[in-house]
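Student: Hey, I've got a structure open and no idea where to begin. Can you walk me through it?

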Amino acid sequence: MSTKPLLKVQNLKKYYPIESGLMRKVTGHVKAVDDVSFELAQGEVLGLVGESGCGKTTLGRCIIRAIDPTAGSAQFTPGDDVSIDLASADKKTLQSVRPHMNMVFQDPFSSLSPRMTVREIIGEPLRAQRVPEREITQRVERIAEMCGLNPAHLSRYPNAFSGGQRQRVCIARALVTNPVLLVADEPVSALDVSIQAQILNLLQRLQRELNLSFIFVAHDLSVVEHIADRVAVMYVGKIIELASNEDLYSRPRHPYTEALLSAVPKPDPDLADETIILGGEVASAANPPSGCYFHPRCRYAGDVCKNAAPPLREIEPGHWSACHFAESLDLAGVVPEQDEGEIVT
Ligand SMILES: Nc1ncnc2c1ncn2[C@@H]1O[C@H](COP(=O)(O)OP(=O)(O)OP(=O)(O)O)[C@@H](O)[C@H]1O
């Protein structure tokens, strides 16, 4: 088995040009993903968390090369003899590794063709690989069953399915090629609260049974608390904290993470609500503030934060923070929920 990380992302960037005037002159850039680096081990679940617009979806899409990054690399090593840079790979090379990675999207209502049966939808990636029809039938039925779908219902169309069942169809389609890497982009946020736990439990079970590596995108730390091994927090295109689940929740080392954690629902309703209300707007990726992008909203900011951008640095083994005061601030965390099996609704 390979000792290399499954995925090594280095200095990844995605800049969108801002054009204006009749001549569509480029007057600036939206830095949607700005110099992001991290590694993902085989079988690891990385939670990718941050407010709307911070670049989570763009990062996920760049990694699986649904869109082309502006710069940087994403070395993907799905096997001992296969290792390619997804960021720079040509079309043919990408096609050869496509079956090893996939993405599940937020909205199961718009991501399924209404004119195809569920059997056809799930089998589509295999058909694209020219897998024989008999094998497609077997593999579709197997993965559908693993995803909690009744094989007798596979000849139905998506509109006969509820939101949760449709997301199961999306998950089955994403897994039918036996990928090793799955990017799940807010896979439960479009679903009813009562269904969210079922889909999270399903993803967790599949991750364990299939030894999948996950990048699990969420805007809320409570969603990834149960499923992630490590968590990366993004703010305006950059990772500003990265640590093991336990360290990040119990001892955050960035004021933005502290604020996100304060909004995580407390198990004990008698505990005082100490939600930190962040003032001001999320900084614009087109025109970010000077220094630390978070400083205009940070209650601990000093002069240095206005002037100098703090790099993401390892402040203790495995715990990375991009705060000038990471070592000296005593930030409030939460007790992470123990993983005691399935989430109960
Ligand atoms: N095609 C595009 N052209 C220009 N700007 C874009 C494009 N796609 C995304 N952006 C901008 O890039 C930034 C990051 O967007 P992205 O959708 O990745 O954020 P996100 O964290 O996933 O947000 P959400 O949780 O709302 O999906 C935003 O400022 C967004 O407006």
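Tutor: Sure, let's go from the overall picture to the sheets, a helix, the ligand and one residue. Keep in mind that this is a predicted model.

Student: Okay, how many helices and strands does the protein have?
Tutor: There are 10 helices and 12 strands.

Student: And what's its span along the principal axes?
Tutor: The C-alpha trace covers about 65 × 60 × 45 Å. The radius of gyration is 21 Å, and a compact globule with 345 residues would have one near 20 Å, so the two agree.

Student: How much of it is buried?
Tutor: Buried residues are 42% of the 345 in the protein. As for contacts with a separation of 6 or more, 66% of them link residues 24 or more positions apart.

Student: Now the sheets. What's the strand order in the one with 4 strands?
Tutor: The order is 2-1-4-5, in an open sheet with antiparallel pairing. Strand 2 (25-40) and strand 5 (82-85) are the edge strands, and each has a single partner, so one side of each has no neighbour in the sheet. From one strand to the next, the twist averages 20°.

Student: How many bridges hold strand 1 to strand 2?
Tutor: Strand 1 (residues 7-20) is joined to strand 2 by 12 bridges, and the two run antiparallel. If you want a spot to look at, find L7, which sits opposite L40 in strand 2.

Student: What about strand 1 and strand 4?
Tutor: Those two are antiparallel as well, with 5 bridges between them. V9 has A74 in strand 4 as its bridge partner.

Student: Then what links strand 4 to strand 5?
Tutor: They pair in the antiparallel sense over 3 bridges, and they form a hairpin with 2 residues in between. One pair to look for is Q75 with its bridge partner D85 in strand 5.

Student: Which strands does helix 1 lie across in this part?
Tutor: Helix 1 (residues 56-63) crosses strand 1, strand 2 and strand 4 (71-79), and it runs at about 70° to strand 2.

Student: Next, the sheet of 8 strands. What's the order there?
Tutor: That open sheet goes 6-7-8-3-9-10-12-11, and its pairing is mixed. Strand 6 (101-104) and strand 11 (313-316) are at the edges with a single partner each, so each has one side without a neighbour in the sheet. Neighbouring strands here are turned by 20° against each other on average, ignoring direction. Helix 1 packs on this sheet too, touching strand 3, strand 6, strand 7 (181-185), strand 8 (213-218) and strand 9, and its direction makes about 155° with that of strand 8.

Student: Where does helix 5 go?
Tutor: Helix 5 (residues 163-175) lies across strand 6 and strand 7, at about 170° to strand 6.

Student: And how do strand 10 and strand 12 pair?
Tutor: They pair in the antiparallel sense over 2 bridges, with strand 12 covering residues 319-321. L242 has W320 in strand 12 as its bridge partner.

Student: Switching topic: is helix 9 buried or exposed?
Tutor: Buried! Helix 9 (residues 255-262) has 8 of its 8 residues buried, so the rest of the structure largely encloses it. Among them are P255, Y256 and E258.

Student: What covers those residues?
Tutor: The cover includes strand 3 (45-49), helix 7 (221-224), strand 9 (230-235), strand 10 (238-244) and helix 8 (245-250).

Student: Cool. Which residues are closest to the ligand?
Tutor: The closest are Y16, A32, S52, T57 and T58, out of 13 residues that surround the ligand. Strand 2 and helix 1 are the elements that give two or more residues to that shell. Helix 1 has the largest share, with 3 residues.

Student: What classes of residue are in the shell?
Tutor: There are 5 nonpolar, 7 polar and 1 charged.

Student: Last one: where is Y293?
Tutor: Y293 is in the loop between helix 9 and helix 10 (303-307). With 27 other C-beta atoms within 10 Å, Y293 counts as buried.

Student: What does Y293 contact, apart from its neighbours within four places in sequence?
Tutor: Y293 contacts Y235, V236, A283 and P288. You could also check K306, which is 13 residues from Y293 in sequence and 8.5 Å away in space, C-alpha to C-alpha.

Methods: Residues are numbered from 1 along each chain as its sequence is written. This is a predicted model: local features need pLDDT of at least 70, side-chain atom pairs count only at pLDDT 80 or more; totals for chains, interfaces and linings use all residues. Two strands pair if DSSP finds at least two bridges between them. Axes are lines fitted to C-alpha atoms, for helices over the stretch in contact, and angles run from 0 to 180 degrees between N-to-C directions. Two residues are in contact if their C-beta atoms, placed from the backbone, lie within 7 Å. A residue is buried if 20 or more other C-beta atoms lie within 10 Å of its own, exposed if 12 or fewer, and partly exposed in between; C-beta atoms are placed from the backbone. The radius of gyration is taken over C-alpha atoms; the globule rule is 2.2 Å times the number of residues to the power 0.38. A residue is near a molecule or strand if its C-beta atom, placed from the backbone, lies within 6 Å of it. Ala, Val, Leu, Ile, Met, Phe, Trp, Tyr, Cys and Pro count as nonpolar, Asp, Glu, Lys and Arg as charged, and the others, Gly among them, as polar.
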